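Here are some exercises to work through with the model open beside you. Try each task on your own before reading the solution.

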Amino acid sequence: MANPNNNGTLNAALIAQESLALLSANYPILNTISTDFSNEPVLAGQTITTRIPSLGTVQDFDDVNGYVPASGTMTDVSFSMGSYRHSTFVLTDKELSSTNRNLIAEYSKSFAEALGQDLMLTVSNLFTSGNYPNATVQALTGINRNTIVSANAALSNRNVSTVSRFGIITPNVAAQLWMDASVVYLTAGGAGITSNKLPAIADVEFTEYSALPNTGNLVGVIGTKDALVVAARTPAQSGYADLPINGRISEVTDPKTGLTVQVREEYSITKGRRQVTFAWIFGVGIGNPVALQRLVTA
């Protein structure tokens with residue numbers, strides 16, 4: 001008799017694939033900062049060097065040497081892959097046999113949120129005055145569209161690229177912006193409000209993040225692609241292919257971002273339980289310090 005439950009086969013690779021797609025959708029910052037994602041294995045704590053683009057230069061044609069390349073159009077950034085992280089869950093035969101819920105969808109959402117929060121916290125810990133010295137200061141109750149425009153102008157005055165600027169703000173800052181009538185007007189005069197996602201303000205796309213560290217009264221940042229870099233790899237597989245194991249190890253990649261996680265699955269036939277682990281190793285590095293403006297309260 002077919003199993004009447006609607007939990008599918010709990011395909012771990014499918015969960016990972018859907019989770020990575022959700023991660024990209026829920027945290028659009030992954031599409032606007034410098035990323036170095038790969039399915040190549042890496043050692044935990046290994047130092048890697050990646051490259052971020054710098055502002056290019058325009059120069060005269062040289063009659064002798066022709067098109068002489070400018071130096072410094074790419075900048076090397078080295079940092080440690082210090083975060084060896086995983087998310088592991090176990091489901092028993094009894095649990096799988098006693099629910100009609102779509103477990104694949106539920107675990108996809110749960111894993112995507114856990115992955116996103118973990119990554120965002122690590123990234124946010126970089127947003128200190130020591131790493132990024134420039135700040136726009138404003139009392140919380142005074143934050144409005146003009147605050148964003150001012151912070152954006154500070155970046156432009158430092159000749160920072162205007163392409164794909166991102167913003168990360170706390171829920172309190174988001175609430176202040178929503179109380180600004182000029183921001184509401186940006187959503188088709190208010191008629192376009194169908195969700196709680198803020199519209200772009202001065203071409204800055206915002207991600208709301210509740211766990212932003214408040215060190216130095218930080219309530220948000222505005223930056224560009226070269227301000228920081230995130231790199232992610234999969235853990236080494238420890239030569240398991242030469243050994244008999246009661247499970248499997250595979251890699252799943254999000255085609256949009258290139259982000260890859262390792263999927264480790266095993267089933268105990270005597271205990272009637274299935275364990276699934278999603279694992280990855282990532283690191284974050286400071287890019288161009290002038291390419292990020294902190295928002296701090298007075």
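Two strands count as paired if DSSP finds at least two bridges between them. Keep in mind throughout that this is a predicted model.

**Exercise 1. The surroundings of strand 9**

Task: Find which strands pair with strand 9, and in which sense each pairing runs.

Solution.
Step 1. Begin with strand 12 (residues 273-286), which runs antiparallel to strand 9 and is joined to it by six bridges. For a landmark, look at Val230, which stands opposite Val284 in strand 12.
Step 2. Now turn to strand 1, which pairs with strand 9 in the parallel sense, again over six bridges. Here Val42 has Pro235 of strand 9 as its bridge partner.
Step 3. Check how covered strand 9 is: eight of its eight residues are buried.

**Exercise 2. A salt bridge across the sequence**

Task: Locate the salt bridge of Asp36 and say which parts of the chain the pair links.

Solution.
Step 1. The model holds four salt bridges by the rule used here, a side-chain nitrogen of Lys or Arg within 4 Å of a carboxyl oxygen of Asp or Glu.
Step 2. Asp36 meets the side chain of Arg233 in one of these, at 3.3 Å from N to O.
Step 3. Place both ends: Asp36 belongs to strand 1 (residues 34-42) and Arg233 to strand 9, so distant parts of the chain, 197 residues apart, are linked by this pair.
Step 4. Asp36 and Arg233 are both buried.

**Exercise 3. A network of three charged residues**

Task: Work out how Arg248, Glu265 and Arg274 are linked.

Solution.
Step 1. Start at Arg248, whose side chain forms a salt bridge with that of Glu265 (2.8 Å, N to O). Because Arg248 sits in strand 10 and Glu265 in strand 11, this pair ties together parts that are 17 residues apart in sequence.
Step 2. Glu265 also meets the side chain of Arg274 in a salt bridge, at 2.5 Å from N to O.
Step 3. Put together, Arg248, Glu265 and Arg274 make up a network of salt bridges.
Step 4. Now sort the members by exposure. Arg248 counts as partly exposed because its relative accessibility is 47%. Glu265, at 8%, counts as buried, and Arg274, at 17%, counts as buried too.

**Exercise 4. The hairpin and its buried aspartate**

Task: Describe the hairpin of strand 10 and strand 11, then find what surrounds Asp254.

Solution.
Step 1. Strand 10 and strand 11 pair in the antiparallel sense over seven bridges. One pair to look at is Val252 with its bridge partner Val261 in strand 11.
Step 2. Six residues lie between the strands of this hairpin, and Gly258 takes a positive phi near 85 degrees.
Step 3. Asp254 is placed in the loop between strand 10 (247-253) and strand 11 (260-268).
Step 4. Look for a charged partner: Asp254 is buried but has no salt bridge, and the nearest side chain of opposite charge, Lys256, is 7.2 Å away.
Step 5. Setting aside neighbours within four places in sequence, the contacts of Asp254 are Gln17, Leu20, Ala21, Ser24 and Leu259.

**Exercise 5. Lysine in a loop**

Task: Is Lys225 buried or exposed, or does it fall in between?

Solution.
Step 1. Find Lys225 in the loop between strand 8 (218-223) and strand 9 (228-235).
Step 2. Its relative accessible area is 36%, so Lys225 is partly exposed.
Step 3. Beyond its neighbours within four places in sequence, Lys225 is in contact with Asn31, Thr32, Ile33, Ser34 and Ser164.
Step 4. Compare sequence with space: Lys225 and Ile29 are 196 residues apart in sequence, with their C-alpha atoms 9.3 Å apart.

**Exercise 6. Nonpolar cores and aromatic rings**

Task: Identify the largest nonpolar core, then classify the ring pair of Trp280 and Phe282.

Solution.
Step 1. The largest nonpolar core has 63 residues, and Phe127, Ile168 and Leu228 have the most contacts inside it. Helix 3 (residues 103-124) gives the most to this core, with seven residues.
Step 2. Apart from this core lies another, of eight residues, including Ile48, Phe79 and Val229.
Step 3. For the rings, a whole-structure search finds five aromatic pairs. The ring centres of Trp280 and Phe282 are 4.9 Å apart and the planes are at 40 degrees, so this pair is tilted.
Step 4. Trp280 and Phe282 are both buried. Elsewhere to look, Phe89, Phe111 and Phe278 form one aromatic cluster.

Definitions and conventions
Residues are numbered from 1 along each chain as its sequence is written. This is a predicted model: local features need pLDDT of at least 70, side-chain atom pairs count only at pLDDT 80 or more; totals for chains, interfaces and linings use all residues. Side-chain values use heavy atoms; hydrogens and water are left out. Helices (H or I, at least four residues) and strands (E, at least two) are DSSP runs, numbered from the N terminus. Buried means under 20% relative accessible area, exposed over 50%, partly exposed in between (1.4 Å probe, protein chains only). Lys and Arg count as positive and Asp and Glu as negative; His and the chain ends are not counted. Contact means heavy atoms within 4.5 Å. Rings of Phe, Tyr and Trp (its six-membered ring) pair if their centres lie within 6.5 Å; planes under 30 degrees apart count as stacked, over 60 as edge-to-face and the rest as tilted. A nonpolar core is a set of buried Ala, Val, Leu, Ile, Met, Phe, Trp, Tyr and Cys residues joined through side-chain atoms within 4.5 Å.
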